[in-house]
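Hi,

Here is the structure I promised to pass on. Have a look when you get a moment, and my notes come right after it.

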Amino acid sequence: MKTFVINLEREPQKKQYIQQECQRLKLDFEIYNAVDGSKLTESFIKNNVLDYPNNFLTKGEIGCALSHFNIYKKIVDDNLPYALIIEDDSVIANNLPDFLNSFETKNTKKGIFLLTADFHYLINKKYILDNFEIVEVTRAVRTNGYIITNDAAKKLIKFLFPIRYEADMFKVFKLCANIKLYATLPALITSNDVCSLNSSIHNERIHQIKQRSEYRKKLFKKDKKQRRIALWFWKHFINRFEKTKYYID
């Protein structure tokens, strides 16, 4: 399976670390030079990001979102049926290659398959893929390791431009772009920076979160109108009967 590794050029130590991890596990990987938000011009942002700076996205978040978005385009342009996307702080389980093999040979579902923790999942919707348990996810917030299918990549290319959400807004992708979310139990990828102490994006965004709450509610309300009938049916006839559980590593 093709693996795209997101790394900022100004962080060579992380690049060296993740290369060693990928080589150790014999992954078919390619380093993707991430979009450095700090270097984006105001004119570029104006042409590619919705309502900046009123949307309260940081430049780091914009760069991260564009990096994932550009990989989605590459998946579609190269006609890949699916691809694994990981970030350069990922800690990869030794059995990841086994899962990738099972996925390539037996998976028939389309969507995003999270290999990380920190998500809510439906307790009554599970299935087994060889020796791996897969659950259906309702919300999640980590982007440091996931598989995305070609079909899901196409939907997100259409939905996410101009950029207006962070790369990890999986609940929004599910509800507004009709992306199916799945995850492995237990997680196969963790982070060596779980507390985000070395994350420039986290340090930048922490001051913006409260400010953009109201703006985000209005944006989400507008975006979900495209699926208002399906979401109305889900809210009144399905959601009330769903039972979820939170999984964290």
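Below is what turned up, going from the whole chain down to single side chains.

One thing to keep in mind first: this is a predicted model.

**The chain overall**

The chain has 249 residues, and 50% of them count as buried. Its secondary structure comes to nine helices and eleven strands. If you take the contacts between residues at least 6 apart in sequence, 79% of them join residues at least 24 apart. The exposed surface is about 13,100 Å², with carbon and sulfur atoms supplying 51% of that.

**The sheet**

Nine strands form an open sheet with mixed pairing, and if you want to trace it, the order is S2-S1-S3-S8-S5-S9-S7-S6-S11. At the edges you'll find strand S2 (28-33) and strand S11 (244-247); each has a single partner strand, so one side of each is left without a neighbour in the sheet. On average, neighbouring strands here are turned by 35° against each other, ignoring direction.

Helix H5 (residues 150-160) packs on this sheet, where it touches strand S3 (82-87), S5 and strand S8 (145-149). The direction of H5 makes about 90° with that of S8.

Back at the S2 edge, strand S1 (residues 2-7) pairs with S2 in the parallel sense, over six bridges. Lys2 has Asp28 in S2 as its bridge partner. The charged end of Lys2 also sits over the ring of Phe4, 6.0 Å from the ring centre.

**The aromatics**

Searching the whole structure gives twelve aromatic pairs. Which one would I show you? Phe113 with Tyr182: the ring centres are 4.9 Å apart and the planes are at 20°, so this pair is stacked. It also links distant parts of the chain, since Phe113 is in strand S5 (residues 112-114) and Tyr182 is in strand S9 (residues 181-185), 69 residues apart.

Are these two buried or exposed? Phe113 has a relative accessible area of 2%, so it is buried. Tyr182 comes in at 7% relative accessibility and therefore counts as buried too.

Phe113 and Tyr182 also belong to a cluster linked by ring pairs, together with Tyr82, Phe99, Phe103, Tyr127 and Phe132.

There is another charge over a ring to look at: the charged end of Arg164 sits over Phe159, 4.8 Å from the centre of that ring.

Cheers

Technical notes: Residues are numbered from 1 along each chain as its sequence is written. This is a predicted model: local features need pLDDT of at least 70, side-chain atom pairs count only at pLDDT 80 or more; totals for chains, interfaces and linings use all residues. Side-chain values use heavy atoms; hydrogens and water are left out. Helices (H or I, at least four residues) and strands (E, at least two) are DSSP runs, numbered from the N terminus. Buried means under 20% relative accessible area, exposed over 50%, partly exposed in between (1.4 Å probe, protein chains only). Contact means heavy atoms within 4.5 Å. Accessible areas come from the Shrake-Rupley method with a 1.4 Å probe; for residues, only the protein chains shown count as cover. Rings of Phe, Tyr and Trp (its six-membered ring) pair if their centres lie within 6.5 Å; planes under 30 degrees apart count as stacked, over 60 as edge-to-face and the rest as tilted. A charge sits over a ring if NZ of Lys or CZ of Arg is within 6 Å of the ring centre and within 35 degrees of the ring normal. Two strands pair if DSSP finds at least two bridges between them. Axes are lines fitted to C-alpha atoms, for helices over the stretch in contact, and angles run from 0 to 180 degrees between N-to-C directions.
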